[in-house]
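Student: I should like to learn how to read strands and charged side chains in a protein model. May we work through an example?

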Amino acid sequence: MRKIIAYLRASTDKQDVKNQKLEILEFSRNKKLYVDDFIEITISSRKTTKQRRIDELLEKLNDSDTLIVTELSRLGRSTAE
(Lines give C-alpha, C1' and ligand atoms only; values in the text may rest on other atoms or scores of the structure.)
Protein backbone atom coordinates (compact mmCIF):
# COMPACT_ATOMS: atom_id res chain seq x y z
CA MET A 1 0.00 0.00 0.00
CA ARG A 2 1.36 3.38 -1.00
CA LYS A 3 1.89 5.93 1.70
CA ILE A 4 2.91 9.55 1.99
CA ILE A 5 5.51 10.57 4.56
CA ALA A 6 6.45 14.15 5.42
CA TYR A 7 9.87 14.98 6.83
CA LEU A 8 10.20 18.18 8.84
CA ARG A 9 13.50 19.40 10.29
CA ALA A 10 14.40 22.63 12.00
CA SER A 11 18.08 23.40 12.50
CA THR A 12 17.93 25.08 15.90
CA ASP A 13 15.71 25.54 18.90
CA LYS A 14 15.04 29.07 17.61
CA GLN A 15 13.39 27.59 14.52
CA ASP A 16 10.16 25.67 14.49
CA VAL A 17 8.71 22.85 12.40
CA LYS A 18 5.17 24.27 12.75
CA ASN A 19 5.45 26.42 9.62
CA GLN A 20 6.78 23.46 7.61
CA LYS A 21 3.90 21.30 8.82
CA LEU A 22 1.33 23.95 7.93
CA GLU A 23 2.86 24.35 4.47
CA ILE A 24 2.79 20.59 3.87
CA LEU A 25 -0.78 20.27 5.16
CA GLU A 26 -1.89 23.11 2.86
CA PHE A 27 -0.10 21.52 -0.11
CA SER A 28 -1.61 18.11 0.58
CA ARG A 29 -5.09 19.57 1.04
CA ASN A 30 -4.84 21.39 -2.29
CA LYS A 31 -3.66 18.20 -4.02
CA LYS A 32 -6.22 16.04 -2.18
CA LEU A 33 -3.48 13.96 -0.58
CA TYR A 34 -3.38 12.37 2.86
CA VAL A 35 -0.09 12.39 4.77
CA ASP A 36 0.21 9.07 6.60
CA ASP A 37 3.16 9.95 8.79
CA PHE A 38 5.18 12.98 9.87
CA ILE A 39 8.79 12.69 10.99
CA GLU A 40 9.63 15.86 12.93
CA ILE A 41 12.96 16.77 14.46
CA THR A 42 14.92 19.82 15.59
CA ILE A 43 18.60 19.16 14.94
CA SER A 44 21.48 20.57 12.91
CA SER A 45 22.07 19.17 9.43
CA ARG A 46 25.68 18.60 10.52
CA LYS A 47 24.56 15.62 12.60
CA THR A 48 24.59 12.06 11.27
CA THR A 49 21.78 10.65 9.17
CA LYS A 50 20.81 8.46 12.11
CA GLN A 51 20.61 11.44 14.46
CA ARG A 52 18.56 13.39 11.87
CA ARG A 53 16.24 10.35 11.55
CA ILE A 54 17.04 10.04 7.83
CA ASP A 55 17.87 6.35 8.34
CA GLU A 56 14.47 5.85 9.98
CA LEU A 57 12.81 7.69 7.11
CA LEU A 58 14.52 5.51 4.49
CA GLU A 59 13.46 2.36 6.33
CA LYS A 60 9.82 3.49 6.24
CA LEU A 61 9.79 4.39 2.54
CA ASN A 62 9.04 1.85 -0.19
CA ASP A 63 9.52 2.36 -3.93
CA SER A 64 5.91 3.38 -4.47
CA ASP A 65 5.73 5.80 -1.50
CA THR A 66 5.90 9.58 -1.64
CA LEU A 67 8.13 11.81 0.46
CA ILE A 68 7.15 15.43 1.02
CA VAL A 69 9.53 18.11 2.32
CA THR A 70 9.19 21.87 2.21
CA GLU A 71 12.67 22.22 0.71
CA LEU A 72 15.46 19.81 -0.17
CA SER A 73 17.80 21.43 2.36
CA ARG A 74 15.72 19.78 5.09
CA LEU A 75 17.18 16.43 4.02
CA GLY A 76 20.87 17.35 3.92
CA ARG A 77 23.58 19.91 3.49
CA SER A 78 24.47 19.07 -0.13
CA THR A 79 22.95 17.54 -3.22
CA ALA A 80 25.34 14.60 -2.95
CA GLU A 81 24.01 13.83 0.50
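Tutor: We shall discuss a strand, then a residue within it, and then salt bridges. This is a predicted model, in which local features need pLDDT of at least 70, side-chain atom pairs count only at pLDDT 80 or more, and totals for chains, interfaces and linings use all residues. Residues are numbered from 1 along each chain as its sequence is written, and side-chain values use heavy atoms, with hydrogens and water left out.

Student: How many residues of strand β1 are buried?

Tutor: Strands (E, at least two residues) and helices (H or I, at least four) are DSSP runs, numbered from the N terminus. Buried means under 20% relative accessible area, exposed over 50%, and partly exposed in between, with a 1.4 Å probe and protein chains only. Seven of the seven residues of β1 (residues 4–10) are buried, so the strand is largely enclosed by the rest of the structure.

Student: Which way do the side chains of β1 point?

Tutor: In a regular strand the side chains alternate between the two faces of the sheet. Here I4, A6, L8 and A10 point one way, while I5, Y7 and R9 point the other way.

Student: Which strands pair with β1?

Tutor: Two strands pair if DSSP finds at least two bridges between them. β1 pairs in the parallel sense with β2 (residues 37–42) over six bridges, and also in the parallel sense with β3 (residues 66–68) over three bridges. A6 has F38 of β2 as its bridge partner, whereas I5 has L67 of β3.

Student: What surrounds the charged residue R9?

Tutor: Lys and Arg count as positive and Asp and Glu as negative, while His and the chain ends are not counted. A salt bridge places a side-chain nitrogen of Lys or Arg within 4 Å of a carboxyl oxygen of Asp or Glu. R9 is buried yet has no salt bridge, and the nearest side chain of opposite charge, E71, is 7.5 Å away. A polar contact (a pair of N or O atoms within 3.5 Å, one able to donate a hydrogen and the other to accept it within protein; residues adjacent in sequence count only if both atoms are side-chain atoms) of 3.2 Å joins the side chains of R9 and S11.

Student: Where do salt bridges occur?

Tutor: Side chains of opposite charge can pair when their charged atoms come close. D65 and K3 meet in a salt bridge of 2.8 Å, N to O. This pair links distant parts of the chain, 62 residues apart. E26 and R29 also form a salt bridge; these residues are three apart in helix α1 (residues 18–30), separated by about one helical turn.
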